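Colleague: I would like a close look at a single part of this chain, taken strand by strand and then set in its surroundings. Please keep the account connected.

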Amino acid sequence: MSASTATTTSARLAAAAGGAPGRARAATGTDAAFAVEFARLGRTFAATAPASARPVLRDVSLTVHPGEVLAILGTSGCGKSTLLRIAGGLDSPSAGSVQIDDSPVTEFDTRCAVGFQEPRLLPWRTVAANVALGLPRGTTRHAGRACVAELLELVGLTAFAGHRPAAISGGMAQRASLARALARNPGVLLLDEPFGALDALTRLKMQDLLLDVHAAAPTTVLLVTHDVDEALQLADRIILLGQEQVAPDAAAPGATIVQELTVPGNRPRDRGSAELAELRGRLLAGLGIDRHGDARGVASSTGIPHFPY
Ligand SMILES: Nc1ncnc2c1ncn2[C@@H]1O[C@H](COP(=O)(O)OP(=O)(O)O)[C@@H](O)[C@H]1O
Ligand SMILES: [Mg+2]
């Protein structure tokens, strides 16, 4: 995000809350960004006849720092959503552990908020009422109303507060969904391909919005994406989940972290920089895409576009 945009958003947030610049929602949440620590985490789904037990994740160890934006990349079905679900307590590991702010995650964790590819708004509620659903229990009516107004302002939906989801665009619905997640004032924001269903232009705008939101309320973000450029644009650090080769023709069962890289430079980053191009090449190679965009192992002469991620 540009410094000027950050200042504008932060000032807007502060103005909406009637306070000083910075985090303006202390009244309704923890107002903190938490570390997330995965320690030798594994997940095997139990056998269900006729399928045998399925190891999906193995030996994932990683510390996400408070306020960090971590992007999680990997081929489809490799376990990205599973890792995110475990971080939020929506699923449990079969081995190892996950901790938030040094305490174990054991059940759905209210320190987290989750955003999905689909906005999942309640169709019979207005946009404002949908955002209010994210407020922590016990929020007073007055504080809740102020918080919702502030969040709608932040995501540019003030004029649509009274609309029902059917009357707004897909991008707007996704902004409302992001505002609902932020209403909890989460210490950790878990986003599972949040912009995956949006058109290319709306997606770029949403990426800028996420950077604005993060500058105004710098929570820890775990972002699952299949878009290498999105990861390079938004994240401080990127991990690639995949299967480790243990022999020339054998991979270990279950995905683990096969690449980890720190993205250089402040946001917004120059999408055309040579440094990012080099990282993009490395990540695409890790995803099994070679330099001319073909998937390895697929005959390019078929002419069928093939994106294995
Ligand atoms: N509850 C479940 N029971 C059995 N298998 C599951 C369950 N959830 C996910 N899986 C399997 O685990 C694998 C990883 O899924 P997922 O984490 O959704 O992948 P990704 O998000 O990377 O596409 C998939 O093969 C999926 O079918
Ligand atoms: Mg997924």
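Which residue of E12 is the bridge partner of Arg 237?

Modeller: In this predicted model, the bridge partner of Arg 237 in E12 is Thr 262. Arg 237 is also the bridge partner, in E9, of Leu 70, and a further bridge partner in E9 is Leu 240, which is matched with Leu 73. These pairs belong to two strand pairings: strand E3 (residues 69-74) and strand E9 (residues 237-242) run in the parallel sense over 5 bridges, whereas E9 and E12 pair in the antiparallel sense over 6 bridges. Because 5 of the 6 residues of E9 are buried, the strand is largely enclosed by the rest of the structure; a residue is counted as buried here when 20 or more other C-beta atoms lie within 10 Å of its own.

The wider setting of E9 is an open sheet of 6 strands, ordered E6-E7-E8-E3-E9-E12 and mixed in its pairing. Strand E6 (112-115) and strand E12 (256-262) form the edges, and since each has a single partner strand, one side of each is left without a neighbour in the sheet. On average, and with direction ignored, neighbouring strands of this sheet are turned by 20° against each other.

Helices lie against this sheet. H2 lies across E3, strand E7 (188-192), strand E8 (220-224) and E9, and it runs at about 155° to E8. Helix H5 (residues 170-183) packs on the sheet as well, where it touches E6 and E7, and its direction makes about 170° with that of E6.

H2, which lies across E9, also leads to the ligand, as helix H2 (80-87) and strand E2 (54-64) each supply at least two residues of the shell around ligand 1. The contribution of H2, 3 residues, is the most that is given to that shell. Among the residues around ligand 1 are Arg 54, Val 56, Gly 79, Lys 80, Ser 81 and Thr 82, and the shell divides into 3 nonpolar, 6 polar and 2 charged residues.

For the chain that holds these parts, the count is 8 helices and 12 strands, and 41% of its 309 residues count as buried. Of the contacts in the chain with a separation of 6 or more, 70% are accounted for by residues 24 or more positions apart. The pairing of E3 (residues 69-74) with E9 (residues 237-242) joins two stretches of the chain in this way.

How values were computed:
Residues numbered from 1 in each chain as written. Chains lettered and ligands numbered in written order. Predicted model: local features only at pLDDT ≥ 70, side-chain atom pairs only at ≥ 80, totals over all residues. Near = placed C-beta within 6 Å. Helix = DSSP H or I, 4+ residues; strand = E, 2+ residues; numbered from the N terminus. Nonpolar A, V, L, I, M, F, W, Y, C, P; charged D, E, K, R; others polar. Buried ≥ 20, exposed ≤ 12 C-beta atoms within 10 Å, placed from the backbone. Contact = placed C-beta atoms within 7 Å. Pairing = 2+ DSSP bridges. Axes fitted to C-alpha atoms, helices over the stretch in contact; angles between N-to-C directions.
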